[in-house]
Amino acid sequence: MRLFRVSQSFDAFSIVAEAAVQKKKQLMTFVSMIAVIMLAAIIIALLGVCVAAIPTGAVSVGFVEYYARVRDDADSRLEGDPLSLLGKQTEQKNMSADEYLLYLLQKERNK
């Protein structure tokens, strides 16, 4: 009985192989179409990286450099004697030094 099943499996495999040989051109067309589609997908992915990711990175680097430059400019403007800077700020705000410091603390807490 087992021998009969093995011969059925062998017959089935030989039928599949014979069908593959007969449809060789269609199978090759199918495989080549899949290869072309995969190649197109790879090209589209690479174009997506070139069109979207690289410019986005360049723009973000520009923003980072700009804000670093602004921060450095602000830091350079604040260099000097802290008391003279405090005096200038209190004169501009028309406050005493203590009032101005309290104003800055409240402003910082509200952020």
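**Tyr66 and its partner**

I started with Tyr66, and in this predicted model its relative accessible area is 41%. Buried means under 20% and exposed means over 50%, so I wrote Tyr66 down as partly exposed.

Then I looked up Tyr67, which comes out at 54% relative accessibility. That is over the 50% cut-off, so Tyr67 goes into my exposed column.

Next I checked for aromatic pairs, and the count for the protein is 1. The pair is Tyr66 with Tyr67, whose ring centres sit 5.2 Å apart. I needed two things for my note, because a pair of aromatic rings is described by the distance of the centres and the angle of the planes. How are the planes of Tyr66 and Tyr67 set, in degrees? They are at 75 degrees, and edge-to-face starts over 60, so I noted the pair as edge-to-face.

**A nonpolar patch**

I moved on to the surface and found a nonpolar patch of about 500 Å². Phe30, Val31, Ile34, Ile37 and Met38 make it up. I picked Val31 for a closer look: this residue belongs to helix H2, which covers residues 24-78. Val31 has 49% relative accessibility, so I put it down as partly exposed.

**The whole protein**

Last, I zoomed out. How many helices and strands are there? I got 4 helices and 0 strands, so my sketch of the order from the N terminus just reads α-α-α-α. The protein has 111 residues, and 3% of them count as buried. I also jotted down the accessible surface, about 10,200 Å², with 68% of that belonging to carbon and sulfur atoms.

Methods: Residues numbered from 1 in each chain as written. Predicted model: local features only at pLDDT ≥ 70, side-chain atom pairs only at ≥ 80, totals over all residues. Heavy atoms only, no water. Patch = residues over 30% accessible without salt bridge, like charges linked within 9 Å, V, L, I, M, F, W, Y side chains within 5 Å. Areas by Shrake-Rupley, 256 points an atom, 1.4 Å probe, with all protein chains shown as cover. Salt bridge = Lys/Arg side-chain N within 4 Å of Asp/Glu carboxyl O. Helix = DSSP H or I, 4+ residues; strand = E, 2+ residues; numbered from the N terminus. Buried < 20%, exposed > 50% of the residue type's maximum accessible area, 1.4 Å probe, protein only. Phe/Tyr/Trp six-rings, centres within 6.5 Å; stacked < 30°, edge-to-face > 60°.
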